[in-house]
Amino acid sequence: MNISVDLPNHPYDLVIEQGAINEVGTWVSSLWREQKILIISDDHVAPIYAQSVIESLNHVGFETEIFIFKAGEAQKNLETAEKAWHACAEAQLTRSDGIIALGGGVVGDLAAFVASTYMRGIHFLQIPTSLTAQVDSSIGGKTAINSKIAKNMIGTFTQPDGVLIDPNVLRTLGQREFNEGLGEVIKCAAIADLELWNVLEQAKDSTDLLNNHAEEIIYHSCNVKRKVVVADELDNGVRLYLNFGHTIGHAIEATAGYGKVMHGEAVAIGMIQIAQAAEKKGLMEIGISNAIKQMAEKYGLPTSYAPWIEDELYQSLLHDKKGRGDTIKIVLVPKLGQAEIFQIPFKEMREFLIEDE
Ligand SMILES: O=C(O)C(=O)C[C@@H](O)[C@H](O)[C@H](O)COP(=O)(O)O
Ligand SMILES: [Zn+2]
């Protein structure tokens, strides 16, 4: 199953196929001519997939090198990026060579950032191995590293040449890692896809989703993402819908210390919190926050975070990229399946941080 991301300046395909990870060489040769490739991966994913990916690439004539870093959100920083730039230089990559990101969201964001900045930009491909990366971060061209001050504070918009999604690899994830990705799936359903919401409602639990609906939820989520990315590549309009739950979610991730609360977990908490506050203000239909909360609980996601220090969270979200002067754009879901953007003074965000009793 292919989804075309039809961006005028850089169209590319998402290939969603069981077992695709075993055919990496064939896929890459359909996109790139013979060249040097630096694979960027982490020490959780590389031991499982790197060898077979390298063999498959070598088999069709690509020369490969690999850069492996320690897994985890805490490593998505300038220090790791610098090591990866040096790995590019040591591998003598030129502007006709490329990078392949082999891993979850952290690997994908960092490898794409490195590719978009090394020698002012070289080509890259994404092979996402986590659910979060398969349904969200590998698509759309947001590259990023974190700073201590804010999540994804430094980055570029640079599109990959292709994304290879193999739902089978999700079987090697731990339960928490799989559930984490469901935070983004629930988000996609809530902002734009009631059919996906129904699939989530009908399925028994996350094991049932993994065993019987993996391709379906990936396909739906990727399609939600494709539509808004094609309509608004640079995140000034409808693409912001994808940020539902992220203003508070990112503040939780940064203040807790990167990696303590996983991204999809923080997004789940962020969606519930902003929805509860928005309902009280009459900006969302009553009951949506509860529906999202029940969905998160069903799929093993946290629904609250402690210690909830309003001032700390507020200081952190002042760095949100949806800030415009002394205002911020927030994403709400007035009706389930429909998102809307509201521009409010930054200080009003304090009201969205007040917890439900
Ligand atoms: O692709 C987008 O646009 C998104 O907002 C998707 C998010 O789920 C993703 O976490 C993204 O990296 C957040 O971007 P940011 O601009 O808020 O850093
Ligand atoms: Zn996200």
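**A ligand shell, two domains and a core**

Around ligand 1, the shell residues split into six charged, five polar and two nonpolar. The model is a predicted one. The shell counts 13 residues, and Asp136, Gly140, Asn152, Leu242 and Asn243 approach ligand 1 nearest. Two elements supply two or more residues each: helix H5 (131–137) and strand S7 (142–145). Both domains take part. Domain 1 (2–172) and domain 2 (175–353) each contribute at least three residues to the shell.

Now step back to the domains. The domain assignment divides the chain into domain 1 (2–172) and domain 2 (175–353). Their centres, taken over C-alpha atoms, lie 25 Å apart. Across the boundary, 27 residues of domain 1 contact 31 residues of domain 2. On the domain 1 side, strand S1 (2–5), strand S2 (12–16) and H5 each give two or more residues. H5 gives the most, with five. This side of domain 1 holds 16 nonpolar, seven polar and four charged residues. H5 thus appears twice, at the ligand shell and at the side of domain 1 that touches domain 2.

Next comes the core. Nonpolar side chains tend to be buried together in soluble globular proteins. Here the largest nonpolar core contains 111 residues. Ile40, Ile99, Ala101, Leu102, Ala111, Val114 and Ile186 have the most contacts inside this core. Helix H11 (residues 263–280) provides the largest share, 10 residues. Why does the core lie between domain 1 and domain 2? Both domains give residues to it, so the core lies between them.

Ile99 offers a local view. Leaving aside residues up to four places away in sequence, Ile99 touches Leu38, Ile40, Ala111, Val114, Ala115, Ile122 and Phe124.

Key:
Residues numbered from 1 in each chain as written. Chains lettered and ligands numbered in written order. Predicted model: local features only at pLDDT ≥ 70, side-chain atom pairs only at ≥ 80, totals over all residues. Core = buried A, V, L, I, M, F, W, Y, C linked by C-beta atoms within 7 Å. Buried ≥ 20, exposed ≤ 12 C-beta atoms within 10 Å, placed from the backbone. Helix = DSSP H or I, 4+ residues; strand = E, 2+ residues; numbered from the N terminus. Domains from an automatic or database assignment. Contact = placed C-beta atoms within 7 Å. Near = placed C-beta within 6 Å. Nonpolar A, V, L, I, M, F, W, Y, C, P; charged D, E, K, R; others polar.
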